[in-house]
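Ready to explore a protein model step by step? Take a look at the sequence and the structure, then try the exercises below.

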Amino acid sequence: MKVTKAQAQANRAHIVDTASTLFRERGYDGVGVADLMAAAGFTHGGFYKHFGSKADLMAEAASCGLAKSADAAADMDLASFMSHYLSRQHRDAPGQGCTMSALCTDAARQPDPVKAAFAAGIEAQLAVSPYPEGQSDGLTSEQARARRIALMAQAVGAMVLSRSCPDDSPLADEILDACREDVLARLGGVPNSRR
């Protein structure tokens, strides 16, 4: 039975979405094409009807995950977003969380198209995460952007460091707590409990 163009597009989108989740959970090298296609409900042989290579899928899956993160951030004020981002709940669900904190270190070793997808995603995140009103008074646009970059780098770095510790490590929670309290103090927010 011939697959319609619309169904082929839907299949491709499903593969990309599945890959985005699996890559965040296991890293780029932790997921093979056969496993990925099986998780999406397709045969291994169908992969090359949709993608030229695994690297092509990695770039597209990164773009997909980064766009979802930007969309989620756009619906929250910065203090609420940072409270959630720097939580144990986010830390313990990399497959459902931020693509940057799950895959930035992997992306650094990937081909340029994957790196370009990350650069575009970081720019998109910066565009939807303005420094809070009232806190940007008197700042030039370059200074406000520098603050957004610093906040993003602190949050992503905290998540990467926390995830590198054993799950039950007090240090894993301490990293998140310290960074969340610091970020929220700078934003004028009230720190939430870590869980």
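The exercises that follow walk through a predicted model, each with a worked solution.

**Exercise 1. Find the buried residues of helix α2, and work out how they are placed around the axis.**

Step 1. Start with the helix itself: α2 spans residues 33-40.

Step 2. Pick out its buried residues, which are V33, L36, M37 and A40. These residues cover an arc of only 95° around the axis, so they sit on the same side of α2.

Step 3. Now see what lies over them. The cover of the buried residues of α2 includes α1 (5-26), α3 (47-50) and α4 (54-74).

Step 4. Finish at the end of the helix. G41 follows α2, and the phi of G41 is positive, near 90°.

**Exercise 2. Describe how helices α7 and α8 cross and which residues meet there.**

Step 1. Locate the pair: α7 covers residues 99-107 and α8 covers residues 112-128.

Step 2. Look at the axes of α7 and α8, which come within 11 Å and cross at roughly 145°. The crossing of these two helices is left-handed.

Step 3. List the contact residues. From α7 come T99, M100, L103, C104 and A107, and from α8 come V114, K115, F118, I122 and Q125.

Step 4. Sort the residues of this contact by type: seven are nonpolar, two are polar and one is charged.

**Exercise 3. Decide how many disulfides the model has, and check C64 and C165.**

Step 1. Recall the idea: a disulfide is a covalent bond between the sulfur atoms of two cysteines. Here the cut-off is a pair of cysteine sulfur atoms within 2.5 Å.

Step 2. Apply the cut-off, and the count comes to zero disulfides.

Step 3. Check C64, which is in no disulfide: the nearest cysteine sulfur belongs to C98 and is 13 Å away. With 22% relative accessibility, C64 counts as partly exposed.

Step 4. Do the same for C165, which is also in no disulfide. Its nearest cysteine sulfur is that of C179, 12 Å away. C165 is buried, at a relative accessible area of 13%.

**Exercise 4. Is E174 buried or exposed, and how far is E174 from F81?**

Step 1. Place E174 in the fold: this residue lies in helix α10, residues 170-187.

Step 2. Compare the relative accessible area of E174, 52%, with the cut-off for exposed, over 50%. E174 is therefore exposed.

Step 3. Turn to the separation. E174 and F81 are 93 residues apart in sequence and 19 Å apart in space, taken C-alpha to C-alpha.

Terms used: Residues are numbered from 1 along each chain as its sequence is written. This is a predicted model: local features need pLDDT of at least 70, side-chain atom pairs count only at pLDDT 80 or more; totals for chains, interfaces and linings use all residues. Side-chain values use heavy atoms; hydrogens and water are left out. Buried means under 20% relative accessible area, exposed over 50%, partly exposed in between (1.4 Å probe, protein chains only). Helices (H or I, at least four residues) and strands (E, at least two) are DSSP runs, numbered from the N terminus. The arc is that of the directions from the helix axis to the C-beta atoms. Contact means heavy atoms within 4.5 Å. Axes are lines fitted to C-alpha atoms, for helices over the stretch in contact, and angles run from 0 to 180 degrees between N-to-C directions. A crossing is left-handed if the near helix is turned anticlockwise from the far one by less than a right angle, and right-handed if clockwise. Ala, Val, Leu, Ile, Met, Phe, Trp, Tyr, Cys and Pro count as nonpolar, Asp, Glu, Lys and Arg as charged, and the others, Gly among them, as polar.
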